[in-house]
Amino acid sequence: MALDQLKAFLVKMQDDEALKSTVLSASTADDVAKIAAKLCYEFSGDELLRQSGKKVGRVTVSKQETPGEYN
């Protein structure tokens, strides 16, 4: 069921520019899952990451590689 929720969220996101902007500014997959949860979509950041490289509608899920910070 989580996969269906994830796909429904991605379809909604492709037509909602404000939501798209919010998702694109999220730092982690877990942050995206929290944004979705506020809209009653239930999936985890891990489930989102497992979809990396796959396309849903006009949205392609891609994992961003972020290098570690140096102090």
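**Exercise 1. State whether Phe-9 is buried or exposed, and do likewise for its ring partners.**

Solution. Phe-9 has a relative accessibility of 0%, so Phe-9 counts as buried. This value, like the others below, comes from a predicted model. The cut-off for buried is under 20% relative accessible area. Tyr-41 has 17% relative accessibility and therefore counts as buried. Phe-43, at 8%, counts as buried.

**Exercise 2. Find the aromatic pairs and classify each by its geometry.**

Solution. Step one is the count: the structure holds 2 aromatic pairs. A pair of aromatic rings is described by the distance of the centres and the angle of the planes.

Step two takes Phe-9 and Tyr-41. Their rings are 5.5 Å apart, centre to centre, with 65° between the planes. Planes over 60 degrees apart count as edge-to-face, and the pair of Phe-9 and Tyr-41 is edge-to-face. Phe-9 belongs to helix α1 and Tyr-41 to the loop between α3 and α4, so this pair links distant parts of the chain, 32 residues apart.

Step three takes Phe-9 and Phe-43. The ring centres are 5.6 Å apart and the planes stand at 50°, so this pair is tilted. Phe-43 is in the loop between α3 and α4 while Phe-9 is in helix α1, so the pair ties together parts that are 34 residues apart in sequence.

Step four joins the results: ring pairs link Phe-9, Tyr-41 and Phe-43 into a cluster.

**Exercise 3. Write down the order of helices and strands in the protein.**

Solution. The protein has 4 helices and 2 strands. Along the sequence they follow the pattern α-α-α-α-β-β. Two totals complete the outline. Of the 71 residues in the protein, buried residues make up 28%. Among contacts between residues at least 6 apart in sequence, 48% join residues at least 24 apart.

**Exercise 4. Describe the largest pocket by its volume and its lining.**

Solution. Start with the volume, which is about 650 Å³ for the largest pocket. Next, count the lining: 25 residues line this pocket, and Val-32, Leu-48, Ser-62, Lys-63 and Gln-64 lie nearest its centre. Then assign the lining to elements. Those giving two or more residues are α1 (2-14), α2 (17-24), α3 (29-38), α4 (45-50) and β2 (59-60). The element that gives the most is α1, with 4 residues. Last, sort the lining by residue type: 12 residues are nonpolar, 8 are polar and 5 are charged.

**Exercise 5. Locate Asp-30 and list its contacts beyond four places in sequence.**

Solution. Asp-30 is in helix α3. Its relative accessible area is 46%, so Asp-30 is partly exposed. With neighbours within four places in sequence left aside, Asp-30 is in contact with Gly-45 and Asp-46. For Gly-45 there is a further detail: the side chain of Asp-30 reaches the backbone nitrogen of Gly-45 at 3.4 Å. A C-alpha distance can be added: Asp-30 and Leu-49, 19 residues apart along the chain, have C-alpha atoms separated by 9.3 Å.

**Exercise 6. Determine whether Gln-51 is buried or exposed, and name the residues it touches.**

Solution. First find its place: Gln-51 is in the loop between α4 and β1 (55-56). Its relative accessibility is 13%, so Gln-51 counts as buried. Not counting residues up to four places away in sequence, Gln-51 touches Leu-3, Leu-6 and Val-61.

Notes. Residues are numbered from 1 along each chain as its sequence is written. This is a predicted model: local features need pLDDT of at least 70, side-chain atom pairs count only at pLDDT 80 or more; totals for chains, interfaces and linings use all residues. Side-chain values use heavy atoms; hydrogens and water are left out. On a 1 Å grid over the protein atoms alone, a cavity is a set of points where a 1.4 Å probe fits but cannot get out, and a pocket is an open set with protein on both sides within 12 Å along at least five of seven lines; lining residues have an atom within 4 Å of a point. Grid points are joined across faces, edges and corners, and a volume is the space filled by probe spheres set on the points. Ala, Val, Leu, Ile, Met, Phe, Trp, Tyr, Cys and Pro count as nonpolar, Asp, Glu, Lys and Arg as charged, and the others, Gly among them, as polar. Rings of Phe, Tyr and Trp (its six-membered ring) pair if their centres lie within 6.5 Å; planes under 30 degrees apart count as stacked, over 60 as edge-to-face and the rest as tilted. Buried means under 20% relative accessible area, exposed over 50%, partly exposed in between (1.4 Å probe, protein chains only). Contact means heavy atoms within 4.5 Å. A polar contact is a pair of N or O atoms within 3.5 Å; within protein, one must be able to donate a hydrogen and the other to accept it, and residues adjacent in sequence count only if both atoms are side-chain atoms.
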